[in-house]
Structures are given as structure tokens and as C-alpha cells.
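Please work through the exercises below with the sequence and the structure open beside you. Each task sentence is followed by a solution that goes step by step.

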Amino acid sequence: MLDTPLWKKIWLWGVTLLLAGAALPSLLAPAGVDFGESSSVPEINLGLDLAGGSHLLLEADPDDVAQQKLENVEEQVEAALRGAVPEIEFGDTSRANERFSFLLDSAADIDRARGILEPIMMGNDGALQREWDLQVVDTQRMVLSPTSSGASVALNSAMEGAIEVVRKRIDLLGTREPTIIRQGDTRIVVQVPGLQDPQALKEQLGQTAQLEFKLVDQRALEENTQAGIANPGSQIFPFSEDSDQPGRFIAVKRLGGIRGDSLINARPGVDQRTNENIVQIQFDQQGGQRFATLSTQNVGQLFAIILDGEVISAPVFNEPILGGSAQISGNFTAESANQLAISLQSGALPVPLTVIEERTVSAELGEQSIRSGMIAMLIGSLAVIALMIATYGRFGVYATGALLLNVLILLGLMAIGNFTLTLPGIAGFVLTVGAAVDANVLINERIREERKRGRKVMTAVENGYKEASRAIYDANITNFIAGALLFWFGSGPIRGFAVVLVIGLVTSVFTALTLTKLWVSGYLAAKRPKDINI
Amino acid sequence: MKLLKLVPQDTNIKFLKVRLPFFIFSLLLMAASWGLVAVNGLNLGIDFVGGQEVQLTFEEREVAPVDELRQRVEALGYGTPVVQAFGSPNEVSIRVPLPEDVEETPGAANEIGNQVIAEIQANYPDARPDGNQTVSGKVAEEFSRDAGFALLAAMLMVALYIWVRFEWQFGVGALFALFHDVTLTLGMFSLFQLEFSLQIIAAILAIIGYSLNDTIVVYDRIRENLKKYRKMPLPELLDLSINETLARTVMTSLTLLVALLPLLLFGPASLFGLVAAITMGLFVGTYSSVYLASPLLIWMGVTSNSFVPTETEADKQEKKVLGGL
């Protein structure tokens, strides 16, 4: 074992120095040495529990997506049948059990209806598989049920759209470097480092911001409306808590309204005459024309401004609104007007999102954690080093060298692999420091034993490494299994703990076995001692 | 230089002479732990029951108004909150578990959290929120399921590995020792009603790793001695193996302890539970390797013949592993 070939020495030192060197940018960064923003410099990410910031897990309800898909198909079908020449008469529509069904007035229309609806059944995006199945039951009732591919296409596009909207809203809040990732089918992870006010973010993301303008049903009887009974072709909406008529209801016409998804701009403002907070909106060209038509045809009529299913106000069209811009009033505060403007500008969420997990840590607490964690780690390491040198002398010094390089290589690998260091990860470091010396303890105790049995120095050292490595491998492989499971199961901070443990196992075996062996054999070859103090 | 020898050379402690009393003692401890968990329950954190946890620092006070906080938050009507000092006396952690009837409502935890924070900010202008965690019932359920699965899978897989590398008796012995360690850790958390969070699952998996480490070192020596001393009675051989590895056991436990203690004493308050669990696991794990994992081999009838058929094969494998270095 004494004659390590030169190429092997160079190779081992090369790997060691390269990996340990990768840790330098991360170590020097706090001391003010800046390597620039260049992405070629590996640096360890700090987890949100150390850097401060917010982690939000948002979930969409697939039922909401399915429901919306049904509403859309209902509109398309109704428009298509009404627009047919001659018009196809139908009634008794229903959206129960995730199906849309309607009754044709005449069974003779079945084939014509099929032909007209076929393009809608195929879906819009030129998808290869149909999005809807169309069946006829009870002679003339047509039933549309979503195919499984149709449902998943709808969910996917809703989630992708939602991620876009979330990103826009976070950008508009002025925070930097958010991480927004889809997780599984229905979830979105949002991580915003250094966020001061998670409350505003949560309110932003919790608002769907689906804006609608609908004409008020003037024929509806007040007592019917408040009792929840609508005329045919009308539906009833509640006023929002923040409006000037909270707790009351209003009846509006189902068709002929305008949706707010054709907005190109929205900003908060103040009405010059009334001094009220308002949100000014600007439609795109198409939306502007439709809004102009609607307002021209209904001058003097009431219309309802509906946000996420709640009426925020019901003003009158005083005059035709032709420029494509309008203003929304609704008892706003400056803050709520601003918030609504942001939501409207970033567009409506294609599906409502719910915050199902939040973890926020202030930057102060994060800093405090890093400081106390580092101090504890430093004291612990010094104590371990003192104990090792006092117990094993020269061999303890080798073990210490291996330990220090172990920490550096571990940091270097984390930087190269772009892993995240979390608070439990610091505990993982301490545990690794403690456990890494175990390999050296095993080897050194074995050498002691072999010497005690009267073996020569060379043989004792050689046997020490050979016999101890069996237990070292078995122990580290089983530890690796436990660590890998932790990584697989864990989320966020726990995963940070597992990363340190698992990488630490590999680096500690490398440094404790390979590197110390190199140094010990170098010493033995140079000095050829008759006795060693161990 | 005179080197430190923590354990005198050539110890010959008859560890296994008292194996039966210790084994019964261990069984009693395990039964007591399960009893505690059944009666006292675990102080499950919001990771597992859902709800809201907020950490506050009162910047203009020496001591946080713990009782007043408890009353105010309880007045919101979501049950009794857990209000605990957290780190220094002017820091506090408030935990409001999710009421059972709203567990299924998405966003309920978040709503409760908003109200708790609004209530505190209205009444205590000097309270600085340091951290805020909200976990919904659904996510908490997933965490519980995954945690249980990860623990079971970890124990079974490592037992399987040991069975392959050693003999089935060793696998069973190691598994039992792990079960013992996990049980006692749960017992301690139930006894002291420390918050049982996701971090503690991480700690238990670390304990499993450490305890195994210890068991494997002893088992490895037993395997070696079984091949070497074919005629030695098993109890004597186990005692020999434990004594031979005693210096290493003490040294490693001690280095781990000196590394962990500063973290326990000066480390971040949010790591206390994790570090406390691992520190306890250190002692329990060492004990179980000596007094559970080893005597079980006697009762399961390991003999020196256990390794004769596999000896050559095992040796070959080892040579391969070592040769690859």
C-alpha cells in the first residue's frame, strides 16, 4: 500500500482541490468578495428558512376546471344551434354530473345538430383526440360528456395559464427572482425570497379576477330576486361585502354580457367629480367595440359589474361609451383599487387557486439562524478536532485534515449541483462532521488493535484499513438507503437535510478512506518508522 | 506525547451476562413508550394536523405576554392555541391547530392564519412576525401518510440489506433494534410533549442511520470472529466482539455528542427538536446495538456454521469492493 502511483496521487489531489475549490465562492461571498452574477461561478443556494422569504403551495380544484369547461361548451353549443339556418330549437339545458345536456324540440334535428356540433366536440386546438363525446338518449336528448383526454387538456392549459398569471402578478408586486413551478397535476409552488409582506401576495394569488359586465334584468321582481328566484334567461348574483349593498342580490341577464378577459390595461385612479377611488380599464379593440355596442343599445339601463361571482357595483349607462376605456367604481379604498388593478392587468386566473401551505421566514430570523448555526458548528468542529488529535496523535491530524476537506468538498458539491442549504441542512452538516470521523475512528482503533497483537507497523496499518473498510462500507450504504428515502419523501427544508446527509456520506468515505490512506502511506514510506504512537 | 485512551485496552466486560434482565427492561420501556403515545398522544405539529403557526419577536418587551396572547387567540374561536416561548423570552411561537370540522375545506387554514396575524398586529404593534407557517388539512394528511411510509420503508430496506450482507438473524436483530429506537424516541416526544413535526421524522431517519451504523460495526466484528473462533460459545464470542469494538463505540458516540451539544445549546431555536431527538437517539442507538441486536442473535440460534456456506462468496464480494478502490 505504500507505493501509490504518481498518476493516482495527482488524480486524487486534482479531484479534491477542484471540488473543495468549488466551495470558495460560497464561503467568500459573506466576506464581501463578489464573483459577479456570472452563472459559471457555482454558489450554494440558501433555503428560504435561511435567506428569508415565502413558500406558497397553491392548489387548483380540477372540478372548477371541469365546471368552467362545461360553461364554455354550453355557450358554444347554444350559439351554434341558435346560429344555424334554420335555427335549431332546444330547451331544458342541464349541467349536472359533469355533463351538459339539452332537449331538442324535434327529433328530426338530431343529424343536423350532430353535424353542427362536431367541430366543437373535436376541441379548438386541433387536438388529435376528441374532447367531448356526444350521445343521444331518450330519442331527442343530446348529452355531451368530456373525454378523459379532453379533461386533461383542459386542466393542463388551465394550469399553464394560471402559472403565467401568477408570474405576472408577482412581477407587478415588484418582488424579485420568484420561483414558480408546477407540482403534480393541480399544484403550483411559489417561492419568493426576501418577501416582506406575504399577506399582499396571498391576497393577490387568491383572487381569480374574473370580471364580467352583465345587463340587469329590469323585469325581475324585487322579492323574487331577494328570494333567489330568477326569470327564465336570468340569473342571480349577490352583492360583494365591500359594495354599497352588502347582503343583497341582483338579477342579471345571462347572455349578452361582456367578459373582462379582453382588457389590455388597468390602473387605479380617482374620479374627478366624486373623488371616489376607481379602477380605469382599457379594452382591446374587439372588446372595446362590443362594449360600445352594449352601452349604445342600453343607454339609461342598469348593468352589473361582477368580479369573481360577486357584484361590486350596478351603475347606469349614462351615455354610449365609445373610446374602449371605462371606469369601475365600487366603494374601493386606494389599496383595494390598486390590488384590483394589478389582478385585472395580469388577467384572470383560468382556475381559482387556494393556498394550501405557506411557510414564511423573515430575513432577520434567517440571519439569526445562520449565525447561531455557524457558531454551533464551529464549536462542535473544534471540539471534535481536539478530541481526535488528543486520542490519535499524528493519525488524528490526518483525520482532521480529512474532516476539513470533507466539509469543503461537501460544500463544493452542493454548489456544483446547485443544491439548497436549509436550516436542517446545517444540522446535517454537524451530523456529518460527527459521523465522518467514525470511519477514521474505526481505522485507527483497528490499527491500535493490530499493533497490540504485535503486528509490524506496516502490516498493522494495512490491516487496519482493510479490515475496517468492510464495516465502513456496510454502515454507509445502509445510511445511504435511509438518507435517500428521506430525500424522496421530504419536501423543502427536510430535503435540504437529506441532501447534506447523502452527499456527506459519499464525501466522508472518500476523505476518510482514500485521502488519509494517501497521507499515511506517504508518511510511512518517507520515514519508515519502527513504532507509531497511536 | 501521551495519547488519550478513553477505554482501557483489553476490557473484558461481561455485557451479555445480564442480557435477559436488560432485554426485559427494554421490552418494558417499549411498552411504556407505546402506552404513553396511546394515552398522552403526540404533540403533533401543524405539519401533521394542519393549522397555523406564527413566530413573533416582541421588540419592545423583555418577556412575551404569553398568557394574554393565548386568551386573545383563543377568543377568535378556533380552539385553544399552543403558545410557547421560543428561543429568548421575548420570542414566542403560537400554534393554532385546524379545527376538525373545517379540515376538508381548502383554504381554511390560510383563513385562520390571516385572522390570527391580523389580531396580533392590531393589539401588539411591537410584535415582529419572524415566521409564519400554514398547512391545510389535505397537505397535513399527505405528510402523515408519507412520513409513516418513509419510516417503514427505511426500516425494511436496511433490514433487507443486512440480511443479504450477513444472515437473516442479523437482519431481524437490526430491525428489532431499530424498532426499539424509533419507539423510544416517540415515547420521549410523548412524555415531554415536544412538538412532533416533519423535522422529527428527519431526525428519526437520521437515528435509524446512526443506530444501524453502530449495529453494523458490532455485527461485522461478530461475523469476523465467528469465522475465526469456530469453537467459542456464542455468548462469549459476542462479549468479545462488543469489547473489541468498545473503544470505537465510545469514541464515535463521544465525537458525535461534542458535535451535537453546541447545536443543542447555542443553535437556532427551530432546530431544537431535531437536535434533541438525534442526541437521544445517540444513546438509545448505542444501547440497542449492545443489548438488543446482539443477544437476539443468541436466541435466534446464530452459530459459527451460519457463515460457512456463504464465507467464500462473501469474501469474494469484499475483495471485489476493496479491489475497486
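The exercises that follow go from overall confidence to domains, helices, backbone angles and the contact between the chains.

This is a predicted model, in which local features need pLDDT of at least 70 and side-chain atom pairs count only at pLDDT 80 or more, while totals for chains, interfaces and linings use all residues. Residues are numbered from 1 along each chain as its sequence is written, and chains are lettered from A and ligands numbered from 1 in the order in which they are written.

**Exercise 1. Find out which element of chain B has the lowest mean pLDDT and which the highest.**

Step 1. The model as a whole scores ipTM 0.84 and pTM 0.82.
Step 2. For chain B, the average pLDDT (the predictor's confidence in each residue, from 0 to 100) is 86, and 91% of the residues score at least 70.
Step 3. Among the elements of chain B, helix H1 (residues 19-39) has the highest mean, 94, whereas helix H11 (residues 308-323) has the lowest, 55. Helices here are DSSP runs of H or I with at least four residues, strands are runs of E with at least two, and both are numbered from the N terminus.
Step 4. Where pLDDT is low, the predicted coordinates should not be read in detail.

**Exercise 2. Describe the make-up of chain B and state how its domains are placed.**

Step 1. Chain B contains eleven helices and six strands, and its C-alpha atoms fill a box of roughly 80 × 50 × 45 Å along the principal axes.
Step 2. The domain assignment, whose bounds come from an automatic or database source, gives chain B domain 1 (15-41 + 140-319) and domain 2 (51-135).
Step 3. The centres of these two domains of chain B, taken over C-alpha atoms, are separated by 39 Å.
Step 4. Of the 325 residues of chain B, 47% count as buried; a residue is buried if 20 or more other C-beta atoms, placed from the backbone, lie within 10 Å of its own, exposed if 12 or fewer do, and partly exposed in between.

**Exercise 3. Determine which residues of helix H4 of chain A are buried, and where they lie around its axis.**

Step 1. H4(A) covers residues 62-83, which makes 22 residues, and reaches 31 Å from its first C-alpha to its last, close to the 32 Å expected at 1.5 Å a residue; the expected span is 1.5 Å times one less than the number of residues.
Step 2. The buried residues in H4(A) include Val65(A), Lys69(A), Val73(A), Val77(A) and Leu81(A).
Step 3. These residues lie on the same side of H4(A), because they cover an arc of only 125 degrees around the axis, the arc being that of the directions from the helix axis to the C-beta atoms.
Step 4. On the face turned away from the buried side, H4(A) carries the exposed residues Glu71(A), Glu75(A), Ala79(A), Arg82(A) and Gly83(A).

**Exercise 4. Locate the cis peptide bond from Val85(A) to Pro86(A) and the residues Thr139(A) and Asn331(A) with positive phi.**

Step 1. Most residues other than glycine have a negative phi, and most peptide bonds are trans.
Step 2. The bond from Val85(A) to Pro86(A) is cis, with omega near -10 degrees, and Pro86(A) lies in the loop between H4 and strand E3 (90-94) of chain A.
Step 3. Thr139(A), with phi near 60 degrees, is found in the loop between strand E5 (132-137) and strand E6 (141-146) of chain A; Thr139(A) is exposed, with 9 other C-beta atoms within 10 Å.
Step 4. Asn331(A), with phi near 55 degrees, lies in strand E17 (residues 325-332) of chain A, and Asn331(A) is partly exposed, with 17 other C-beta atoms within 10 Å.

**Exercise 5. Establish how many residues each chain brings to the contact, and which element of chain B supplies the largest share.**

Step 1. Chain B brings 63 residues and chain A brings 66, where two residues are in contact if their C-beta atoms, placed from the backbone, lie within 7 Å.
Step 2. Several elements of chain B each supply at least two residues of the side that touches chain A, among them strand E5 (127-135), helix H5 (137-165) and helix H7 (198-228).
Step 3. The largest share of that side of chain B, 13 residues, comes from H9(B).
Step 4. The residues on that side of chain B divide into 40 nonpolar, 15 polar and eight charged; Ala, Val, Leu, Ile, Met, Phe, Trp, Tyr, Cys and Pro count as nonpolar, Asp, Glu, Lys and Arg as charged, and the others, Gly among them, as polar.
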